[in-house]
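Open the model in your viewer and keep the selection box at hand. We will go stop by stop, selecting a few residues at a time and looking at what surrounds them.

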Amino acid sequence: MHNNIRVAVLLPCFNEEAAIESVVRDFRESLPDAEIFVFDNNSTDRTVELARNAGATVFLEKHQGKGYVVRRMFSDVDADVYVLADGDGTYFAPASKLMVEKLLSDNLDMVVGVRKSKPQDDTYRMGHHFGNRLFTKIVGFIFGNEFTDILSGYRIMSRRFVKSFPSNTRGFEIETQLTIHALELTLPCEEYPTPYVSRVEGSESKLNTYRDGFRILFTIGVLFKETRPFLFFGLMAVMSASLSFALGLPIIVEYIETGLVPRIPTAVLASGVGVMSLIFIIAGITLDTVSRKHRELKRLFYNSLSSVRGKL
């Protein structure tokens, strides 16, 4: 590891007394020169006490949710390289050294640890695996297919990635926003396969399959609208125009044949939906201009931050 590179290990925690001591020790062994920070999110067990005993610097975040914790981490910790993992012990700490070296040697902004679990291991539950694959496909279709595990919480990031990241999510959808931030600005990123370790006894997943799955899907939709407004409203316009055509065509045909408009409410509805499609097109064009300006500002701020490569 390069002596002049400051590395910070960030561990968000909520009731992880069963694993946090071993997690801190494992990362200390893998990255002996790194500072290890545990950000506790209102734990009701001994997580804070055990993290401090293991040698970590502990911060408290009162707003409940992983998104709030990550936002606080990125704001309060200053480093050149950030290692983001979970405090539950499911991420393989020894891989962090290789991932940090990859980020530095290839001048990347993010390295994502792709989770690889053993076939007989139930750590990576089937519902979570299916949801991850589904959301990865959706994000790849909308923003570009560069990742295979968009929900991984194991990430190595550069300072300019972290400080240019506009976090505004509350929960586990934070990983999705990290991924889309990289895709929107076309930042140099790569993936690195890592083992997904079984939870220690007494540690439970805080992820709710359906509730958090809906939040992740909603976040993808919101970011789709904000970063690709022309495509988003263009699709809405196409659907509206298709519905208008389907409703109005029989009425037009009947009017041509008989000179009568027998279904006036349907005709009004078809006209209204047709006008709505035009509004969607105008909204898409207008918001696309705003989105481009916003993206340019984010890119300019990103460029104003020095690359970690300059310290090597």
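Start by selecting Tyr91, in what is a predicted model. Is Tyr91 buried or exposed? Tyr91 has a relative accessible area of 7%, and because the cut-off for buried is under 20%, Tyr91 counts as buried.

Now add Tyr196 to the selection. Tyr196 is buried as well, with a relative accessible area of 11%. A search of the whole structure finds eleven aromatic pairs. Tyr91 and Tyr196 form a tilted one, with 5.7 Å from centre to centre and 50° between the planes. Why is this pair worth a look along the chain? Tyr91 sits in the loop between strand S4 (81-84) and helix H4 (95-105), while Tyr196 sits in the loop between strand S7 (189-195) and helix H8 (209-227), so the pair ties together parts that are 105 residues apart in sequence.

For another aromatic pair, select Phe161 and Phe165. Their rings are stacked, 6.5 Å centre to centre with 5° between the planes. Both Phe161 and Phe165 are buried.

Return to the tyrosines and widen the selection to Phe27, Tyr91, Tyr154 and Tyr196. These four residues form one aromatic cluster.

**Next stop: Lys116**

Keep Tyr196 on screen and select Lys116, which belongs to strand S5 (residues 110-116). Which residues does Lys116 touch, leaving aside those up to four places away in sequence? The list is Pro193, Thr194, Pro195 and Tyr196. Then draw a distance from Lys116 to Ile142, C-alpha to C-alpha: the two are 26 residues apart in sequence and 25 Å apart in space.

**Next stop: helix H4**

Colour the buried residues of H4: Ala95, Ser96, Met99, Val100, Lys102, Leu103 and Leu104. As you look along a helix, keep in mind that an α-helix has 3.6 residues a turn, so residues three or four places apart point the same way. What do the buried residues of H4 pack against? Their partners are helix H1 (20-30), S4, S5, strand S6 (155-158) and S7.

Step just past the end of H4 and you arrive at Asn107, with a positive phi of about 55°. Most residues other than glycine have a negative phi. Asn107 has its positive value although it is not a glycine. Asn107 is found in the loop between H4 and S5, and its relative accessible area of 26% makes it partly exposed.

Select Asn15 for another positive phi, here near 55°, again in a residue other than glycine. Where is Asn15? Look in the loop between strand S1 (7-13) and H1. With 23% relative accessibility, Asn15 counts as partly exposed.

**Next stop: Asp212**

Move on to helix H8 and select Asp212. Is Asp212 buried or exposed? Its relative accessible area is 2%, so Asp212 is buried. Beyond residues up to four places away in sequence, Asp212 touches Phe172, Lys206 and Leu207. Now draw a C-alpha to C-alpha distance from Asp212 to Gly171: they are 41 residues apart in sequence, yet 7.7 Å apart in space.

**Next stop: the cysteines**

Select Cys13 and Cys189. Cys13 counts as buried at 3% relative accessibility, and Cys189 counts as buried at 16%. A disulfide is a covalent bond between the sulfur atoms of two cysteines. How many disulfides are there when sulfur atoms must lie within 2.5 Å of each other? The count comes to zero.

**Last stop: the whole chain**

Clear the selection and zoom out. The C-alpha trace of the protein chain spans about 85 × 45 × 35 Å along its principal axes. A cartoon view should let you follow ten helices and seven strands. Of the 312 residues in the protein chain, 46% are buried.

Turn on the surface next. The protein chain exposes about 15,800 Å², and carbon and sulfur atoms supply 60% of that area. Colour by charge to find 36 positive and 36 negative charges, whose mean positions are 4 Å apart.

Finally, display the contacts. Among those with a separation of 6 or more, 77% join residues 24 or more positions apart. The Tyr91 and Tyr196 pair, where you began, links parts that are 105 residues apart in sequence.

Conventions. Residues numbered from 1 in each chain as written. Predicted model: local features only at pLDDT ≥ 70, side-chain atom pairs only at ≥ 80, totals over all residues. Heavy atoms only, no water. Helix = DSSP H or I, 4+ residues; strand = E, 2+ residues; numbered from the N terminus. Contact = heavy atoms within 4.5 Å. Buried < 20%, exposed > 50% of the residue type's maximum accessible area, 1.4 Å probe, protein only. Areas by Shrake-Rupley, 256 points an atom, 1.4 Å probe, with all protein chains shown as cover. Lys, Arg positive; Asp, Glu negative; His and termini not counted. Charge placed at Lys NZ, Arg CZ, Asp CG, Glu CD. Disulfide = S-S within 2.5 Å. Phe/Tyr/Trp six-rings, centres within 6.5 Å; stacked < 30°, edge-to-face > 60°.
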